[in-house]
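Colleague: I should be grateful for a close look at the enclosed spaces in this protein. Please describe what surrounds them.

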Amino acid sequence: MNDMTPPTREERVEKLKGLGSSRKRVEDARFTQGKGNYVDDIKLPGMLHGDFVRSPYAHARVVSINAEAALALPGVVAVLTAKDLEPLSLHWMPTLAGDKQMVLADGKVLFQGQEVAFVVAEDRYIAADAVELVEVEYEELPVLVDPFEALQSDVVLREDLEPGADGAHGPRRHHNHIFLWEEGDKAATEQVIENAEVVVEEMVYYHRTHPCPLETCGSVASMDKVNGKLTLWGTFQAPHVVRTVASLLSGIEEHNIRVISPDIGGGFGNKVGVYPGYVCSIVASIVTGKPVKFIEDRMDNLMATAFARDYWMKGRISATKEGKITGLHCHVTADHGAFDACADPTKFPAGFFHICTGSYDIPVAYVGVDGVYTNKAPGGVAYRCSFRVTEAAYFIERMIEVLAMELNMDAAELRRINFIRKEQFPYTSALGWEYDSGDYHTAWDKALEAVDYKGLRAEQAERVEAFKRGETRKLLGIGLTHFTEIVGAGPVKNCDILGMGMFDSCEIRIHPTGSAVARLGTISQGQGHATTFAQILASETGIPADSITIEEGDTDTAPYGLGTYGSRSTPVAGAATALAGRKIRAKAQMIAAYLLEVHDNDVEWDVDRFVVKGAPERFKTIQEIAYAAYNQAIPGVEPGLEAVSYYDPPNMTYPFGAYICVMEIDVDTGEHEIRQFYALDDCGTRINPMVIEGQVHGGLTEALAIAMGQEIAYDDIGNCKTGTLMDFFIPTAWETPNYTTDFTETPSPHHPIGAKGVGESPNVGGVPAFSNAVHDAFRAFGLRQSHMPHDHWRIWKTANQLGLHG
């Protein structure tokens, strides 16, 4: 064999490991060997540790705080209260929704677990001991945990808001009301529904839950008073935004603040916002002149750090007798807790909930959302969903099921006759968004065929008859879902957070030897950016992915970006990456033409090189071009091979999917067994099928948790009843079913490589699929709607209420 035989084109493509390649995740080698570097791994000389005194009450006045005993404990350095933060103007912070949240309670607490004082000590254990010695006198106040009651009560929760003052999004109609946000044609919708042949109405509740990442939130602040520079390490999903907010709050000029997000053990939206622990560690470092670390424990995280969901969605949907949907009306009562701290784009106080028409061609629709204050923890994060899309998908998929029951139609057929047709894209919904591309019928037919849908329905009918004859106590549920996501936030014209436009960025530097480093404004929390972004650049530049290093999370080195959440990294930063690669290629073309002594237009790109048209033996590889860029004088071309791209997308992207869950339910115990789960995703161009499959598996498991057991629950006086992992359901391998994944591929027409994003999809589509399976099992016995989570106790109660226990 001749070792000098040049590689074939196929071998060159294979070597790149570019788009479509199931390249193994390069970051996993160090993670699986325990060599990650997380915030709690950071140890600095003289570092102090902080811990919070938290309120045991959900609503109370703080009469007094006595820290003498705590300060007397050896090793305690300081106990900070709101009064200590005020001189630095760091006693309050803006929430992501534009509300005002006190960093430490200033005279009143509004939820159990609210931060009252910050103890700083020489080690974590001394700080925890000192927390117990801080004496706080409280005066209990009436508690409101029901949002409907809160809108009727005389009890004023936010006494700091002036009576009658407008909220961030317009007039407030009650002292516990935050905003009313409306979209669509209300009058036209009500008229259509009033005159419709068939109308169904239902209240659909998406309960309060929590992202619960493996790593809790934390930060390390180090103030260098000599040079006036602040360095802040933390579990930040948007490090540049944190830097800007930290500058605005502290008055320290932004160029003197360095924010670093090291490895992060899961985000899921929980680490987008700014929390009191971050601010207090900064203040404590400024006050003491030493580095200060704050790390949440698990109870802190579950009780006080940003919740998700908690939407009461009242829907009305109308249709013809043949099943053609004519209108959709939705009113949401959104429980935001003590502060309006939802991570939503500024112009959309309920996020992208107005995609609640889903995958269906609904001619007229209206949605109104009332935000409400209660005595619960604030937050409202988009837990593995893009700004309330999960709630929207659950709502419409439940309404479709209820309508199918009313019409006595097969729910799969009802969906089919109402899907937006392929030829209708780009499609503008009745609530204003333009869907970029889709082929729903193809995906739906493929899914139904894959699971033998007709066979399953026949088996289900036989099972019902056997149950009635007393031959079995198990029912069969078939959970159907077809969802449409809206991801890639977002166009600056539509999306900003606290006034910061939601573009993203990539900077790429090609070294003389042809390897490269690319830096982005995003930050991976387990999504595999180091693997997939390198694959995008491999296809764009011809440099093998293994020769490209991806760096994120350091504001001193990475270009400005809005971070990673809401499945925006590939649609936005991935596009910036592709465009930066194309800038590199454009310059490389000029260099290649010079080296080959031809005109620029006489060379063409081929995998990893520029080739003279009509003369394939004459070419220059990207490595040869890179070396020449640095070491050869080329007329009219400046040395080096670098590029930066800031990408403001023209539109969102709209991935979609078809999920089917087959579930066995034991009527007597309420136990369930997932017999089959089929998930077809269409996320446009597939960068790395293996990474996509991993994202789908993870998202579906989180969907299982939410639908079948996960809940943040409160009692009547605001005690959080699910503050430990003994109470808050996290699936293990034992509870996790097998998943069958599949795909269709409908590229986005406006994304540079056609990619749409997939990280949120399995949660968005999975929750209604699991829930619909439970409802479907009981459909033959008259169940129309029940509330999640469908734990064994609730399922047992449902069976009992339907009279199935004899």
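Modeller: A helix here is a DSSP run of H or I with at least four residues, and helices are numbered from the N terminus. The model is a predicted one. With that settled, the second largest cavity takes the largest share of its lining, four residues, from helix H8, which spans 239-250. Helix H9 also gives two or more residues to this lining. The residues around the second largest cavity are Leu90, Leu232, Val242, Ala246, Leu249, Ser250, Val274, Tyr278, Val279 and Ile282. By class, nine of them are nonpolar, one is polar and none is charged. The space inside the second largest cavity is about 80 Å³.

The structure contains six cavities of 30 Å³ or more, and the largest of them holds about 280 Å³. Its lining consists of 29 residues, and those nearest the centre of the largest cavity are Gln101, Gly273, Val274, Tyr275 and Ala341. Val274 is thus named for the largest cavity and also lines the second largest. Helix H9 (276-288) and strand S4 (92-94) each supply at least two residues to the lining of the largest cavity, and H9 gives the most, with three. This lining comprises 19 nonpolar, seven polar and three charged residues. Domain 2 (39-141 + 216-264 + 271-304) and domain 3 (307-489 + 652-802) each contribute at least three residues to the lining of the largest cavity.

The largest nonpolar core likewise draws at least three residues from each of domain 2 and domain 3. Among its 179 residues, Met313, Phe352, Phe353, Phe677 and Phe770 touch the most other members.

Note on methods
Residues are numbered from 1 along each chain as its sequence is written. This is a predicted model: local features need pLDDT of at least 70, side-chain atom pairs count only at pLDDT 80 or more; totals for chains, interfaces and linings use all residues. Side-chain values use heavy atoms; hydrogens and water are left out. A nonpolar core is a set of buried Ala, Val, Leu, Ile, Met, Phe, Trp, Tyr and Cys residues joined through side-chain atoms within 4.5 Å. Buried means under 20% relative accessible area, exposed over 50%, partly exposed in between (1.4 Å probe, protein chains only). Domain bounds come from an automatic or database domain assignment. On a 1 Å grid over the protein atoms alone, a cavity is a set of points where a 1.4 Å probe fits but cannot get out, and a pocket is an open set with protein on both sides within 12 Å along at least five of seven lines; lining residues have an atom within 4 Å of a point. Grid points are joined across faces, edges and corners, and a volume is the space filled by probe spheres set on the points. Ala, Val, Leu, Ile, Met, Phe, Trp, Tyr, Cys and Pro count as nonpolar, Asp, Glu, Lys and Arg as charged, and the others, Gly among them, as polar.
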